[in-house]
Amino acid sequence: MQPAALAKSEGNTLFPIVLSIVAAAATGVLWAYANPIQLVPGVIQWRIFAFLPPLIGILLGWKSGFICGYLGTIVWSLLAGTFIPAHSLIVDGIMVGLTGLVPGWMFDPAKTTFGRAVLIKIAAVCLIIGLIMVTAVSASLAFLGIFPFWWAMLYLGLSDVGPMIIGTPLLVIPALKILKGAHPSGFARF
């Protein structure tokens with residue numbers, strides 16, 4: 001697939017900002033209500049939509065990816081009843097935000113050809129940033145006395161990292177086609 005011309009229009013920077021906020025709300029709702037498999041009932045569920053922050057980051061820009069991950073975490077924790085100010089606002093929110101920021105910073109559709117090698121790199125980046133996120137969140141949960149570190153590593157790794165490394169590269173090309181079809185004149189990434 002050829003590099004996309006998403007950054008052609010300089011005047012429409014509001015589009016990715018609004019879309020990232022909408023995606024953040026959708027992410028939080030999906031994480032709260034569309035996770036059919038409970039790994040640790042009431043605490044950790046298999047997040048089949050964990051790919052949304054990195055996907056939004058790649059499509060709309062690194063800031064949009066961070067917004068999607070950070071606000072999605074806040075929405076999820078409030079809806080799921082697991083909001084802990086120090087953990088949710090600082091560690092969990094920021095680290096999940098980074099899962100959207102890093103891939104968005106590394107892969108710009110205007111400068112990237114999404115072939116097999118790039119899709120493998122996206123999966124590798126999602127794996128690395130996912131493991132960093134899981135480690136920090138597990139440490140926070142252990143520090144707060146909520147969950148033992150190694151159990152959190154295992155369950156959060158299963159919950160988040162798998163869907164990120166599979167879903168993000170699998171969906172980036174179809175999502176890019178949909179986005180280009182909906183906004184053919186392009187827009188500035190945020």
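In the predicted model, helix α5 passes α6 in a right-handed crossing. The axes of helix α5, which spans residues 116-143, and of α6 come within 8 Å and cross at roughly 155°; because angles over 145 degrees count as roughly antiparallel, the pair formed by α5 and α6 is described as roughly antiparallel. When the residues that make the contact of α5 with α6 are sorted by class, 23 are nonpolar, five are polar and one is charged.

Helix α2 takes part in two further helix packings, with α3 and with α4. Helix α2 covers residues 52-60 and helix α3 covers residues 62-80, and the two pack at an angle of about 155° with their axes 6 Å apart. It follows that α2 and α3 are therefore roughly antiparallel to each other, and the crossing in which α2 passes α3 is right-handed. On the side of α2 the contact is made by L52, P53, I56, G57 and L60, and on the side of α3 by W62, S64, G65, C68 and G69. By class, the contact of α2 with α3 comprises six nonpolar and four polar residues, with no charged residues.

The packing of α2 against α4 is described by axes that come within 7 Å and cross at roughly 35°, and this crossing of α2 and α4 is likewise right-handed. Here P53, P54, G57 and I58 in α2 meet V96, T99, G100, P103 and G104 in α4. The contact of α2 with α4 has five nonpolar and four polar residues, and charged residues are absent from it. P53 and G57 are named both in the contact of α2 with α3 and in the contact of α2 with α4.

Two enclosed or partly enclosed spaces were examined in relation to these helices. The second largest pocket has a volume of about 170 Å³, and the residues lining this pocket are L19, F51, L55, I56, L59, L60, L171, A175, I178 and L179. The elements that give two or more residues to this lining are α2 and α6, the latter spanning residues 149-182. The lining of the second largest pocket consists of 10 nonpolar residues, with no polar and no charged residues. Of these lining residues, I56 and L60 are also named in the contact of α2 with α3.

The structure holds one cavity of 30 Å³ or more, and about 40 Å³ of space lies in the largest cavity. The largest cavity is lined by W31, R47, A50, P53, V96, T99, M133, D160 and M164, with α4, which covers residues 85-106, and α6 each supplying at least two residues of the lining. By class, this lining has six nonpolar residues, one polar residue and two charged residues. P53, V96 and T99, which line the largest cavity, are also named in the contact of α2 with α4.

Beyond the helices, R189 lies in the segment after α6. R189 and L59 are 130 residues apart in sequence, whereas their C-alpha atoms are 7.8 Å apart in space. When residues up to four places away in sequence are not counted, R189 touches P16, G57, I58, L59, L60, G61, W62, G104, F107, D108 and P109. Among these partners of R189, G57, I58 and G104 are also named where α2 meets α4, and L60 and W62 are named in the contact of α2 with α3.

Definitions and conventions: Residues are numbered from 1 along each chain as its sequence is written. This is a predicted model: local features need pLDDT of at least 70, side-chain atom pairs count only at pLDDT 80 or more; totals for chains, interfaces and linings use all residues. Side-chain values use heavy atoms; hydrogens and water are left out. Axes are lines fitted to C-alpha atoms, for helices over the stretch in contact, and angles run from 0 to 180 degrees between N-to-C directions. Helices (H or I, at least four residues) and strands (E, at least two) are DSSP runs, numbered from the N terminus. Angles under 35 degrees count as roughly parallel, over 145 as roughly antiparallel, 65 to 115 as roughly perpendicular and the rest as oblique. A crossing is left-handed if the near helix is turned anticlockwise from the far one by less than a right angle, and right-handed if clockwise. Contact means heavy atoms within 4.5 Å. Ala, Val, Leu, Ile, Met, Phe, Trp, Tyr, Cys and Pro count as nonpolar, Asp, Glu, Lys and Arg as charged, and the others, Gly among them, as polar. On a 1 Å grid over the protein atoms alone, a cavity is a set of points where a 1.4 Å probe fits but cannot get out, and a pocket is an open set with protein on both sides within 12 Å along at least five of seven lines; lining residues have an atom within 4 Å of a point. Grid points are joined across faces, edges and corners, and a volume is the space filled by probe spheres set on the points.
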